[in-house]
Amino acid sequence: MEVLKTQDRHLFGRSIPDALQQSFIDYYFVWARDCNEHWKSCTDTVVTTIEWVMAELLKNKEIMRKVQKELTELNPNSIKNSYISKLTYFNACIKETLRLHPVVPVLIPRRAIEACEVMNYTIPQNAQVRVNVWAICHDPKVWEDPNTFKPERFLGSNIDFTGHDYEFIPFGGGRRMCPGLPSGVKSMQTMLASLIVGYDWSLPNGEDAAKLDMTENFGVTLHKEKPLEFIFGLRE
Ligand code: HEM
């Protein structure tokens with residue numbers, strides 16, 4: 001049996017065996033460790049979006065009941081990757097959260113490599129161009145009742161976040177769009193589905209969920225100004 005040696009390489013306090021050094025996973029971990037800020041952006045976006053979904057579901061009890069019903073009807077005991085994409089209402093809640101609270105509110109800056117005209121505006125060569133995803137996702141010309149959490153708007157609609165529908169680009173678009181989309185979406189789906197199926201959620205001190213403070217704190221990522229505090233109770 002091969003004895004795995006470790007070097008001075010760690011991820012979250014765990015050593016990474018030499019035997020993994022050549023593998024993609026090892027490369028990815030080392031890249032993540034060396035590029036601390038990139039790694040933080042991977043986890044921060046996912047965790048922050050999960051927090052927003054949870055806050056919206058706590059606040060909107062009827063929507064939460066529909067999500068629980070959909071999840072438990074399909075399989076009450078465990079969460080499987082194979083059917084997560086079939087959860088249309090649950091996935092609509094994730095999309096609606098990414099629309100209402102796009103975690104990267106303004107995309108990474110672009111530079112115009114040559115002068116061009118866009119909708120009668122002249123963009124000079126070398127101008128820095130910033131796309132305001134938050135404003136697009138709240139545009140009343142595009143979205144009916146844009147400030148309300150309505151997952152139904154995505155039911156029966158083909159609008160997706162893959163970078164082709166420019167009214168909804170929470171992962172950006174074009175060649176520099178988010179490369180973490182597949183893993184980010186899968187992580188959010190699995191974690192949220194497990195928490196919904198396994199637990200009942202409530203707010204501490206009998207706080208009224210309908211009055212939950214949803215103030216957004218704008219930065220590179222869009223955090224909830226007041227971090228969500230809640231209690232998990234095991235579901236019967
Ligand atoms: C909810 C989850 C996530 C959202 C909403 C999100 C959103 C974004 C957005 C809007 C951009 C800028 C794209 C553009 O300017 O066109 C971006 C870039 C990026 N994201 Fe994500 N992201 C998420 C998860 C992740 C994860 C899980 C990873 C890593 C595994 C990741 C890695 C990156 C990297 C490396 C870039 C820079 C890409 C480049 O400049 O070429 N993201 N992300």
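Select I50, in helix α2 of this predicted model. I50 is partly exposed, because 19 other C-beta atoms lie within 10 Å, and a buried residue would need 20 or more. Show its contacts beyond four places in sequence: M188, M191 and L192. Now draw a line from I50 to V131. The two residues are 81 apart along the chain, and their C-alpha atoms are separated by 23 Å.

**The whole chain**

Zoom out. The protein chain holds seven helices and 10 strands. Of its 236 residues, 20% count as buried. Take the contacts between residues at least 6 apart in sequence: 60% of them join residues at least 24 apart.

Colour by confidence next. The average pLDDT of the protein chain is 84, and 81% of the residues score at least 70. Select residues 1-35, where the pLDDT is below 50. Beyond near neighbours in sequence, this stretch still has 25 contacts in the model. Where pLDDT is low, predicted coordinates should not be read in detail. For the complex, the predictor gives an ipTM of 0.99 and a pTM of 0.85.

**The ligand**

Centre on the ligand and show its shell. Which residues are closest? Among the 21 residues that surround the ligand, the closest are C42, G172, C178, G180 and G184. Two elements give two or more residues to this shell: α2 and α7. The largest share comes from α2, with six residues. Colour the shell by class. Nonpolar residues number 11, polar residues nine, and there is one charged residue.

**The nonpolar core**

Now hide the ligand and go to the largest nonpolar core, which has 32 residues. Select V53, V67, L71, F90, C93, V133 and A193; these touch the most other members. Then highlight the helices that each supply at least two residues of this core:

- α2, residues 36-59
- α3, residues 61-74
- α5, residues 88-100
- α6, residues 133-137
- α7, residues 181-198

Nonpolar side chains tend to be buried together in soluble globular proteins.

Stay on A193. What does A193 touch, leaving aside neighbours within four places in sequence? Its contacts are L71, I79, I84 and F90. F90 and L71 are also on the list of core residues that touch the most other members.

**Helix α5**

Follow F90 into α5. This helix has 13 residues. From its first C-alpha to its last it reaches 18 Å, close to the 18 Å expected at 1.5 Å a residue. Is α5 largely enclosed or largely open? The helix is largely enclosed by the rest of the structure, because 11 of its 13 residues are buried. Select them: F90, N91, A92, C93, I94, K95, E96, T97, L98, R99 and L100.

Step along α5 to T97. T97 is buried, because 25 other C-beta atoms lie within 10 Å and 20 are enough to count as buried. Leave out residues up to four places away in sequence, and T97 touches T49, W52, V53 and E56. V53 is one of the core residues picked out earlier. Measure from T97 to L57 as well. They are 40 residues apart along the chain, with C-alpha atoms separated by 9.8 Å.

**Strand β4 and the turn after it**

Jump to C116, in strand β4. Is C116 buried or exposed? C116 is exposed, because it has 12 other C-beta atoms within 10 Å, and 12 or fewer is the cut-off. Draw a line from C116 back to F90. They are 26 residues apart along the chain, and the C-alpha atoms are separated by 41 Å.

Move on to M119, in the loop between β4 (116-118) and β5 (121-123). Check its backbone angles. M119 has a positive phi of about 45°, although it is not a glycine. M119 counts as exposed, with 4 C-beta neighbours inside 10 Å.

**Last stop: N205**

Select N205, in the loop between β7 (199-202) and β8 (216-217). Its phi is near 55°, a positive value in a residue other than glycine. N205 is exposed, with 6 other C-beta atoms within 10 Å.

Methods: Residues are numbered from 1 along each chain as its sequence is written. This is a predicted model: local features need pLDDT of at least 70, side-chain atom pairs count only at pLDDT 80 or more; totals for chains, interfaces and linings use all residues. A nonpolar core is a set of buried Ala, Val, Leu, Ile, Met, Phe, Trp, Tyr and Cys residues joined through C-beta atoms within 7 Å. Helices (H or I, at least four residues) and strands (E, at least two) are DSSP runs, numbered from the N terminus. Two residues are in contact if their C-beta atoms, placed from the backbone, lie within 7 Å. A residue is near a molecule or strand if its C-beta atom, placed from the backbone, lies within 6 Å of it. Ala, Val, Leu, Ile, Met, Phe, Trp, Tyr, Cys and Pro count as nonpolar, Asp, Glu, Lys and Arg as charged, and the others, Gly among them, as polar. pLDDT is the predictor's confidence in each residue, from 0 to 100. The expected span of a helix is 1.5 Å times one less than its number of residues.
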